[in-house]
Amino acid sequence: MAEISTLPDDVLDMGRGLIPRPVFLLGCARSGTSIFGEALAAHPDITYLFELSPTWNSIVEEGADHRLDASSATPEVARQVYAEFSQRLRGEPGEVLLEKNPKHVLRLPFLAELFPWGRFIHIVRDGRDTAASLMFRNRGPGWGHLRVPGWQELLESYGEKNHIRCAHQWRIAVETARADGLSLGERYLEVRYERLVEEPLAVAGEALAFMGLNTPGEVVEFCGKIQDETGGSYHALKQVRHYVDNHSRRIGRYRENLEPEQLAEVESACGGLLRELGYLT
């Protein structure tokens, strides 16, 4: 799809000059964005940024939820983003700027307006496993992680049934990003968490090729750390605090974490998307 933006040409020229190869890695929280981001960041030609939400918040004001559309990408916002993020580049030829941020799952129209030459990678995980992971950090009267549109109503409706809230959180996040990604054509790549765990080098190689990069030995070495078994395994550096030692495998962890009644309620909440993605038959 052709690069389209309503921003003035001089602003876009500034952005292309400062950040020629921007890539954004996104996915619902607890979907593997951190481990995937670390694998890609092992490439010596990638400058990796981990969830610069404070920086984004200082530039563009958030609303009641984390959704941002193209209207938020004003010329002034664009100039600030280009200037701020370009300072983090090393300045090497062919360098790729990669930011990993789960919030971006709700912000593709905004980012595509700012970076019509940018690329976007969306990692999708089985919603039952995602809900099982989210629910241990999204409990009680508060709302945790991504504030999807309608999160207040979900919190009010389901109260302590956080597994249902988390299932809807996953559904809304994934549906939103996939719908937005359709308009991006070949600039949008969707990968599956399950395949990353089973074939990490193949998936990392495809993502790097999507970015116009090869697969060096550093990435090959890191991919050897990714595995399904949790016992004694590597955990993404900034996600150890979220890890709960209550499952032996990453793929299908819901079988160990969700009671039959909870599983039925999760599948009721997001079963349509689970079927569309092939997780349910």
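Select Leu26 first, together with His122, its bridge partner in β4; helices and strands here are DSSP runs numbered from the N terminus, helices being H or I over at least four residues and strands E over at least two. The model is a predicted one, in which local features need pLDDT of at least 70 and side-chain atom pairs count only at pLDDT 80 or more, while totals for chains, interfaces and linings use all residues. Residues are numbered from 1 along each chain as its sequence is written, and side-chain values use heavy atoms, with hydrogens and water left out.

**The sheet, starting from β1**

Extend the selection to strand β1 (residues 22-26) and strand β4 (residues 119-124), which pair in the parallel sense over four bridges; two strands pair if DSSP finds at least two bridges between them. Another bridge to find here links Phe24 to Phe120 in β4. Then add strand β3 (residues 96-100), which runs parallel to β1 and is joined to β1 by four bridges, with Leu97 of β3 as the bridge partner of Pro22.

Color β1 by burial, where buried means under 20% relative accessible area, exposed means over 50%, and partly exposed lies in between, with a 1.4 Å probe and protein chains only. Five of the five residues of β1 are buried, so this strand is largely enclosed by the rest of the structure. In a regular strand the side chains alternate between the two faces of the sheet. In β1 both faces are covered, with Pro22, Phe24 and Leu26 buried on one side and Val23 and Leu25 buried on the other.

Now show the whole sheet, which is open and has five strands in the order β2-β3-β1-β4-β5, with parallel pairing. At its edges stand β2 (46-50) and β5 (188-192), each with a single partner strand, so one side of each is left without a neighbour in the sheet. From one strand to the next the twist averages 20 degrees. Helix α10 (residues 200-210) can be added next: this helix lies across β2, β4 and β5, running at about 175 degrees to β5, where angles run from 0 to 180 degrees between N-to-C directions, and axes are lines fitted to C-alpha atoms, for helices over the stretch in contact.

**Loops and a helix around the strands**

Step back to Pro20, in the loop between α1 (9-18) and β1, which counts as partly exposed at 46% relative accessibility. Leaving aside residues up to four places away in sequence, Pro20 touches Gly15 and Trp117, contact meaning heavy atoms within 4.5 Å. A C-alpha to C-alpha distance of 9.5 Å separates Pro20 from Ser86, although the two are 66 residues apart in sequence.

On the other side of β1 in sequence, select Arg30, in the loop between β1 and α2, which has phi near 70 degrees, a positive value in a residue other than glycine. Arg30 counts as buried, at 18% relative accessibility. Glu51, in the loop between β2 and α3 (53-59), also is not a glycine and has a positive phi of about 45 degrees, but Glu51 counts as partly exposed at 25% relative accessibility. Helix α2 (residues 33-41) has eight of its nine residues buried, so this helix is largely enclosed by the rest of the structure; among the buried ones are Ile35, Phe36 and Leu40.

**The nonpolar cores**

Select Trp56, Phe110, Leu114 and Val148, which touch the most other members of the 64-residue largest nonpolar core, a set of buried Ala, Val, Leu, Ile, Met, Phe, Trp, Tyr and Cys residues joined through side-chain atoms within 4.5 Å. Helix α8 (residues 162-182) gives the most to this core, with eight residues. A second, separate core of 27 residues includes Val23, Leu98, Ile121 and Ala204.

**Two packed helices**

Finally, show α8 with helix α13 (residues 260-276), which pack at an angle of about 10 degrees with their axes 8 Å apart. The two helices are therefore roughly parallel to each other, a description that applies to angles under 35 degrees. Among the residues making the contact are Ile164, Trp170 and Val174 of α8 and Val266, Leu273 and Leu274 of α13.

Terms used:
Parallel < 35°, antiparallel > 145°, perpendicular 65-115°, else oblique.
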